[in-house]
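Could we walk through a structure together, feature by feature? I would like to learn how to read its disulfides, its sheet and its core.

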Amino acid sequence: MCGIFAYWNFNVGRERRYILQVLFNGLRRLEYRGYDSAGISIDDSFSRDPNTPQCSHSPSPPPPLVFRQEGNIESLVKSVYQEVAEIDLNLEESFSVHSGIAHTRWATHGEPAPRNSHPQTSGPGNEFLVVHNGIITNYEVLKETLVRHGFTFESETDTEVIPKLAKFVFDKANEEGDQTVTFSQVVLEVMRHLEGAYALIFKSQHYPNELIACKRGSPLLLGVKELNEDICNGSAFPDSKFVSKDGAPKELFLSSDANALIEHTKKVLVIEDGEVVHLKDGGVSILKFENDKGRRGSGLSRPASVQRALSVLELEVEQINKGKYEHYMQKEIHEQPESLTTTMRGRLIRGGSCKSQTVLLGGLKDHLKTIRRSRRIVFIGCGTSYNAALAARPILEELSGVPVTMEIASDLLDRQGPIYREDTTVFVSQSGETADTLRALEYALENGALCVGITNTVGSAIARHTHCGVHINAGCEIGVASTKAYTSQIVVMAMLALAIGADTISNQARREAIIDGLFDLPNKVREALKLDHEMKELAKLLMNEQSLLVFGRGYNYATALEGALKVKEVALMHSEGILAGEMKHGPLALVDETLPIFVIATRDACFSKQQSVIQQLHARKGRLIVMCSKGDAASVCPGESCRVIEVPHVEDCLQPVVNIVPLQLLAYHLTVLRGYNVDQPRNLAKSVTTE
């Protein structure tokens with residue numbers, strides 16, 4: 001839920017002002033991961049008098065500087081420059097080697113405040129500093145132990161135990177006469193005591209110009225920028241030195257997300273769980289943490305280094321900019337025709353006059369027979385991803401003939417619900433790093449089920465740990481409220497249903513109709529986007545309301561849930577998606593002439609039932625807004641008794657993709673009109689990497 005970033009330059013002169021700008025820009029790219037407080041740490045000067053030369057051979061470098069501030073990144077930037085002026089810090093001072101760390105926070109332990117912001121410190125002198133994304137579940141036990149050893153705590157965070165534990169390990173090793181204890185040995189010993197999910201970056205006064213990163217569960221990447229292009233062309237690096245160590249100038253970056261790396265380099269390493277990445281002397285060592293290898297004799301153990309290769313990001317800077325739009329959410333809503341086209345590219349095969357139309361999902365082709373023989377298919381997700389799976393469930397049941405069940409990841413874990421070896425479990429997550437979904441994946445793997453991943457992030461934890469899967473290829477999504485990823489997820493799961501049911505002759509005509517609908521779907525979404533002005537006018541009518549009900553059924557029950565979720569996420573208005581068939585079992589009591597009610601009644605097998613729902617709501621003087629297929633206004637709203645929104649008609653299983661677009665637009669305009677931050681809704685963050 002937080003964003004961590006680090007910048008390390010070696011053998012290339014960088015002024016302090018430039019270093020600050022790199023750190024601030026990195027945080028801006030990560031701000032969607034958390035934005036209630038932020039902080040950075042950089043190196044101090046040996047002397048603040050610009051006329052005094054820096055003593056590079058001083059045995060005791062000054063403690064690192066730490067700046068922390070409540071609020072968003074711009075609040076931090078302002079406070080840093082104010083403090084720099086107060087302490088007369090020279091921003092033009094150049095460093096040939098420097099390590100800086102930064103953090104943007106989504107609060108889990110402790111309110112947003114400077115004392116709870118990161119970097120968290122080991123105490124006065126900032127001997128050890130840590131930025132952290134994740135949650136340490138045993139921090140209370142560690143805190144009690146450290147308090148008994150004389151440590152005092154200033155924050156309410158779980159993170160503060162980490163730098164204090166590092167200082168404790170370092171001091172203990174030196175007391176025992178191990179004067180050569182390395183930074184990596186200290187961090188490995190700290191990891192041995194930590195439980196939970198984390199990505200960590202360590203900086204220390206005792207190890208100047210070094211950084212260490214490690215992770216378990218939370219995402220972390222290393223970006224490599226060799227400033228001499230002849231030295232490294234990006235494949236594999238030998239043994240522990242995976243960047244040249246011959247003094248070549250280079251810049252290395254650590255980040256929670258590729259978004260903060262792409263403007264600097266496309267060469268990255270996705271750090272794996274249990275790996276410790278040590279930046280020192282112009283090189284990088286990668287060590288593998290093994291929990292059962294702790295102290296050895298009187299010293300600390302050092303595991304062997306491992307060999308890794310760089311990969312190349314398939315991302316452009318333009319994809320993470322707003323372009324002509326005011327907000328990322330607005331941009332991503334309007335990108336959906338293109339993102340859907342990209343999702344389907346190369347996967348839909350339209351044959352000639354004699355050939356049938358087919359779907360090709362390369363990541364699944366070796367497992368389709370196993371999926372068809374499954375006892376059941378279990379969709380597992382959270383939030384918007386769960387809603388996307390719910391929208392796809394009916395067509396998967398219809399074409400596959402296999403029972404399909406739905407599980408919210410956290411609830412499955414709480415219940416320890418049964419998962420069998422004969423099951424196929426499908427894990428749906430935009431980021432591929434959702435904590436609850438990852439824990440559910442571990443649970444399914446332990447129970448022997450076939451695990452399929454559907455994510456938008458190549459190299460994510462879910463993509464790496466499932467047996468097979470499909471990338472939705474929706475492109476980078478930065479707005480916290482998911483829009484284009486949702487529609488691409490539905491399309492991918494519809495294609496999954498087509499692939500599973502491809503061996504059944506009886507539903508061939510139905511499959512071909514769906515494939516035809518998929519080819520035309522981007523145009524239908526483009527047509528639905530023309531409702532933008534109409535939805536803005538509707539938002540003006542609803543902007544002062546306190547609540548909104550959304551009724552749907554069949555394929556569009558998921559649309560009701562997702563539309564209501566979007567409104568509550570960004571517009572901060574209470575909204576509830578309700579299964580229309582349950583209306584008479586309680587929700588009808590809420591209906592009066594003041595409560596706005598949105599009814600989805602597009603043409604499908606449930607159309608006549610939705611007509612009946614509209615009549616019953618109208619009889620109770622409900623304030624109705626009805627979404628229907630083009631040409632059906634008179635059928636759903638006799639006598640102009642309600643407001644009607646007409647959308648293009650598509651194949652029933654694809655209709656949720658079109659129907660959600662007006663609701664996304666409504667949520668967007670409501671948020672703007674109500675004066676809230678569209679891209680950074682209150683209390684939320686994009687990637688939920690904590691349980």
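The dialogue below takes these topics in turn.

Q: Before we start, what kind of model is this?
A: Good place to begin: this is a predicted model.

Q: How many disulfides does the structure hold, and which cysteines form a disulfide?
A: The general idea first: a disulfide is a covalent bond between the sulfur atoms of two cysteines. Here the structure holds 1 disulfide. C637 and C642 are the partners, with their sulfur atoms 2.3 Å apart. Both of these cysteines, C637 and C642, are buried.

Q: Where does that leave C382?
A: C382 takes part in no disulfide, and its nearest cysteine sulfur, in C451, lies 15 Å away. C382 is also partly exposed, at a relative accessible area of 22%.

Q: And why is C653 too far for a bond?
A: Look at the distance: the closest cysteine sulfur, that of C606, is 13 Å from the sulfur of C653, and a disulfide needs the two sulfur atoms within 2.5 Å, so this pair is too far apart for a bond. C653 itself is buried, with a relative accessible area of 2%.

Q: Let's turn to the sheet. What is the order of its 5 strands?
A: In general, strands of a sheet pair through backbone hydrogen bonds, either parallel or antiparallel. In this open sheet of 5 strands the pairing is parallel and the order is 20-19-21-22-23. Strand 20 (404–408) and strand 23 (468–471) are the edge strands, each pairing on one side only. From one strand to the next, the twist averages 20°.

Q: How many bridges join strand 19 to strand 21?
A: Strand 19 (residues 376–381) and strand 21 (residues 423–429) run parallel and are joined by 5 bridges. To find your place there, note that V378 stands opposite T425 in strand 21.

Q: Which strands do helix 9 and helix 11 touch as they pack on the sheet?
A: Helix 9 (residues 383–400) touches strand 19, strand 20 and strand 21, and its direction makes about 170° with that of strand 20. Helix 11 (residues 435–446) touches strand 19, strand 21 and strand 22 (450–455), making about 165° with the direction of strand 21.

Q: Finally, which residues have the most contacts inside the largest nonpolar core?
A: That core has 90 residues, and those with the most contacts inside it are F379, M495, L518, L521, F598 and L666. Its largest share, 13 residues, comes from helix 13 (residues 484–500). Beyond its neighbours within four places in sequence, F379 is in contact with residues including A389, L396, V426 and M493. Another core, of 39 residues, lies apart from the largest one, and among its members are L20, F67, A102 and L221.

Conventions
Residues numbered from 1 in each chain as written. Predicted model: local features only at pLDDT ≥ 70, side-chain atom pairs only at ≥ 80, totals over all residues. Heavy atoms only, no water. Buried < 20%, exposed > 50% of the residue type's maximum accessible area, 1.4 Å probe, protein only. Pairing = 2+ DSSP bridges. Helix = DSSP H or I, 4+ residues; strand = E, 2+ residues; numbered from the N terminus. Axes fitted to C-alpha atoms, helices over the stretch in contact; angles between N-to-C directions. Contact = heavy atoms within 4.5 Å. Core = buried A, V, L, I, M, F, W, Y, C linked by side-chain atoms within 4.5 Å.
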